[in-house]
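Please look through the structure below with two topics in mind, the enclosed spaces inside the protein and the bonding of its cysteines.

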Amino acid sequence: MIGAVVTLGLLRRVNTMRSGGAGRHVMGATLATAGVVAFCTMTNPLYALWFVLPAGAVLLVLRVCSQLSSRALCRAGLVLCVGTALGMALRIPFAHSIVATTEDYWHLRDIGASLAYHARQVSDTLATRAGIASLCITLGMWIASIVIALAVVRRGKVVHSFIALSACLGPFIVAVAVIVMGSEATRYLQPWAFLPFLALTVLPGVEFAARGISRRILAWLPARESIGTLRAAGVVGAAIFLGVVCALTMPRINATVSVVDADLRCVTDWVDASGRTGAGLFWTMRAPKAYAADPRQIVQVDDQLHAGSWLANRYDAVNAQVTFFITDADSYPFSFPDASPAGTMDVISCGRYAIHDFYPVVAPLKPAER
């Protein structure tokens, strides 16, 4: 998200700079933009969906509207393409640690299922007052960004048009792309929560207001000789403020972290005393694994008993002899093989957790799915 906003500002500079006397600055902005694009793509290709795709579409729209020259379009497009390609290439050395592959994200046959899923998500959101309020705020801001974009584009200033169109077209393009990918990951739609607000930065009159505020601040500042004193006073004031905040908040923070979670303690005490290895689903086992004396005693699995490979140490599952499962109210029912130990399980209740112990039977774990 931060990378998308930063690159938007950098690309704005690339689009508006002219060669000649400012050639060095043009090259600097271009290289900086390509570097950010490459770094963001390397760390998470989702960045290409959130920014590269919408930005490319906006650049084409500006060219069609004759607000962007062919040269500027080619330069910006080259920056995006080269940066994205470089970022993907930089992922190659880390291939052994990357679990998800391209096939995990592209499900072109599931476009209908994806559309139906997101429609249900909207319907479920509308079932609560908080959901209605959040959708109204989101759609209201998006509609406002469209109105701002129309007003800005008419003025013909490419700097503002690029930001405004990115703010209003970006969320829509991302939503269409997510559905076309056949994805059911609602979190991929996060640009709806931050891109439309960027339109406020180019709202007609904001630029003049910002300049007026800047002049007033500059007029208020003391002479150059007093800057050192002002800085020292600022440091002292900040230190005092932080001290007061810490004094007021630390007792409550200390009391909160000192509270013993009885349910979690029950699980970890049982696991530590057993000396054996168990397993659980991603969200269920994370806290017990973190607080167990030996975290290797709890292995992450899915409901089909495949060893988990998402944010987990995959070596924990190597030759693991799983003899119990940890579940909670949100756990999926485990799918056991034909030789099911379900009939011989002892269930230990630990509040919101339950430990299903089937020792001496060992549950056969399957290899992690890629």
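The paragraphs that follow take up the cavities and then the disulfide.

This is a predicted model, in which local features need pLDDT of at least 70 and side-chain atom pairs count only at pLDDT 80 or more, while totals for chains, interfaces and linings use all residues. Residues are numbered from 1 along each chain as its sequence is written, and side-chain values use heavy atoms, with hydrogens and water left out.

A cavity here is a set of points, on a 1 Å grid over the protein atoms alone, where a 1.4 Å probe fits but cannot get out, and its lining residues have an atom within 4 Å of a point. There are three cavities of 30 Å³ or more, and the largest has a volume of about 50 Å³. Its lining consists of A4, L8, W50, F51, P54, A55, S166, G170 and L195, and the elements that give two or more residues to it are α1 (2–16), α3 (46–64) and α7 (158–180). Of these, α3 gives the most, with four residues. By class, the lining has seven nonpolar, two polar and no charged residues.

The structure also holds one disulfide (a pair of cysteine sulfur atoms within 2.5 Å), which joins C266 to C350 with an S to S distance of 2.1 Å. The link is left-handed, with -55° about the S-S bond. It connects distant parts of the chain, since C266 lies in helix α11 (residues 262–274) and C350 in strand β4 (residues 346–350), 84 residues apart. C350 is buried (under 20% relative accessible area) at 2%, whereas C266 is partly exposed (from 20% to 50%) at 28%.

Conventions
On a 1 Å grid over the protein atoms alone, a cavity is a set of points where a 1.4 Å probe fits but cannot get out, and a pocket is an open set with protein on both sides within 12 Å along at least five of seven lines; lining residues have an atom within 4 Å of a point. Grid points are joined across faces, edges and corners, and a volume is the space filled by probe spheres set on the points. Ala, Val, Leu, Ile, Met, Phe, Trp, Tyr, Cys and Pro count as nonpolar, Asp, Glu, Lys and Arg as charged, and the others, Gly among them, as polar. Buried means under 20% relative accessible area, exposed over 50%, partly exposed in between (1.4 Å probe, protein chains only).
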